[in-house]
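User: I'd like to go through this structure a piece at a time, with the reasoning spelled out. Can you start with the terms you'll lean on?

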Amino acid sequence: LAKLELPVRLRFRFAGCMTRGHKRHWRKLEHDAAVHCLGLSAEGAEEFLYSGSRDRTVRKWRLADGHCVHVYRGHSSMVRCVAVNGRHLASGGDDRSVRLWRK
């Protein structure tokens, strides 16, 4: 993230997004349902994308290769928001709860 000039356009494709007929995509990061929120985080020498979904999970994706490195489960309804800082991940959902995890 430090090398990016703002504003920047990131090209990610999540399952279910419009691709305007193009079959090729940069990274395919998938949930089992619609994605509602995103958060970016630099952790040491690596960068990660956190995504919250209607499938009631938050997923941590390594930006370098697009691999899902962790799935956070705990919400009983869809995840609506995520916030990330140096040590923690917080998520809020339609189950009226805020979940807090150590990254």
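Analyst: Sure. A residue is buried when its relative accessible area is under 20%, exposed when it is over 50%, and partly exposed in between. Keep in mind that this is a predicted model.

User: Going by those cut-offs, is Arg62 buried, exposed or partly exposed?

Analyst: The relative accessible area of Arg62 is 23%. Buried needs a value under 20% and exposed one over 50%. Arg62 therefore counts as partly exposed.

User: Which residues are linked with Arg62 in a network of salt bridges?

Analyst: Start with Asp65, which forms a salt bridge with Arg62, their closest N and O atoms being 2.8 Å apart. Asp65 is partly exposed, with a relative accessible area of 32%. The network of salt bridges links Arg62 with Asp65 and Glu46.

User: What is the bridge partner of Arg62 in the strand pairing?

Analyst: Here we're talking about strands β4 and β5, which run antiparallel and are joined by five bridges. Within that pairing, Arg62 of β5 is matched with Phe48.

User: How many residues sit between the strands in the hairpin of β4 and β5, and which residue there takes a positive phi?

Analyst: The two strands run antiparallel, and they make up a hairpin. The stretch between them has three residues, and the positive phi, near 75°, belongs to Arg56.

User: And on the other side, how many bridges join β5 to β6?

Analyst: β5 covers residues 57–62 and β6 covers residues 68–73. Val58 has Tyr72 as its bridge partner in β6, and Trp61 stands opposite Cys68. These two strands also form a hairpin, with five residues between them and Gly66 in the turn at a positive phi of about 80°. They run antiparallel, and the number of bridges joining them is five.

User: How many of the six residues of β5 are buried?

Analyst: Lys60 is one residue of β5, and Lys60 is buried because its relative accessible area is 8%. Arg59 comes out at 12%, so Arg59 counts as buried too. For the strand as a whole, which is mostly covered, the number buried is five.

User: Which residue does Lys60 meet in a salt bridge, and how far apart in sequence are the two parts that the pair ties together?

Analyst: The partner is Glu43, at 3.0 Å from N to O. Lys60 lies in β5 while Glu43 lies in strand β3 (residues 35–43), so the pair ties together parts that are 17 residues apart in sequence.

User: What is the distance between the closest N and O atoms of Asp55 and Arg59?

Analyst: Asp55 is buried, with a relative accessible area of 14%, and Arg59 counts as buried at 12%. A salt bridge needs the nitrogen within 4 Å of the carboxyl oxygen. The pair forms one, with a distance of 3.6 Å.

User: Is Ser53 buried or exposed, and which backbone atoms does its side chain meet?

Analyst: Ser53 is found in β4 (residues 46–53), and at 0% relative accessibility Ser53 counts as buried. Beyond its neighbours in sequence, Ser53 is in contact with residues including His31, Met78 and Val79. Its side chain reaches the backbone oxygen of Ala34 at 2.8 Å, and a polar atom of that side chain lies 3.0 Å from the backbone nitrogen of Asp55.

User: Which elements give two or more residues to the largest nonpolar core?

Analyst: That core has nine residues, among them Phe48, Tyr50, Val79 and Val82. The elements giving two or more residues to this core are β4 and β7 (79–84).

User: Which residues does Val79 touch?

Analyst: Val79 belongs to the largest nonpolar core, as do Cys37 and Val58. Leaving out residues up to four places away in sequence, its contacts include Ser53, Arg56, Ser91, Cys37 and Val58.

User: Why is there no bond between the sulfurs of Cys81 and Cys37?

Analyst: Cys81 is partly exposed, with 41% relative accessibility. A disulfide needs the two sulfur atoms within 2.5 Å. For Cys81 the closest cysteine sulfur is in Cys37, and that is too far for a bond, at 6.2 Å.

User: So how many disulfides does a search of the whole structure find?

Analyst: Cys68 is another cysteine here, partly exposed at 33% relative accessibility. Across the whole structure, the number of disulfides found is zero.

Key
Residues are numbered from 1 along each chain as its sequence is written. This is a predicted model: local features need pLDDT of at least 70, side-chain atom pairs count only at pLDDT 80 or more; totals for chains, interfaces and linings use all residues. Side-chain values use heavy atoms; hydrogens and water are left out. Helices (H or I, at least four residues) and strands (E, at least two) are DSSP runs, numbered from the N terminus. Buried means under 20% relative accessible area, exposed over 50%, partly exposed in between (1.4 Å probe, protein chains only). A polar contact is a pair of N or O atoms within 3.5 Å; within protein, one must be able to donate a hydrogen and the other to accept it, and residues adjacent in sequence count only if both atoms are side-chain atoms. Contact means heavy atoms within 4.5 Å. Two strands pair if DSSP finds at least two bridges between them. A nonpolar core is a set of buried Ala, Val, Leu, Ile, Met, Phe, Trp, Tyr and Cys residues joined through side-chain atoms within 4.5 Å. A salt bridge is a side-chain nitrogen of Lys or Arg within 4 Å of a carboxyl oxygen of Asp or Glu.
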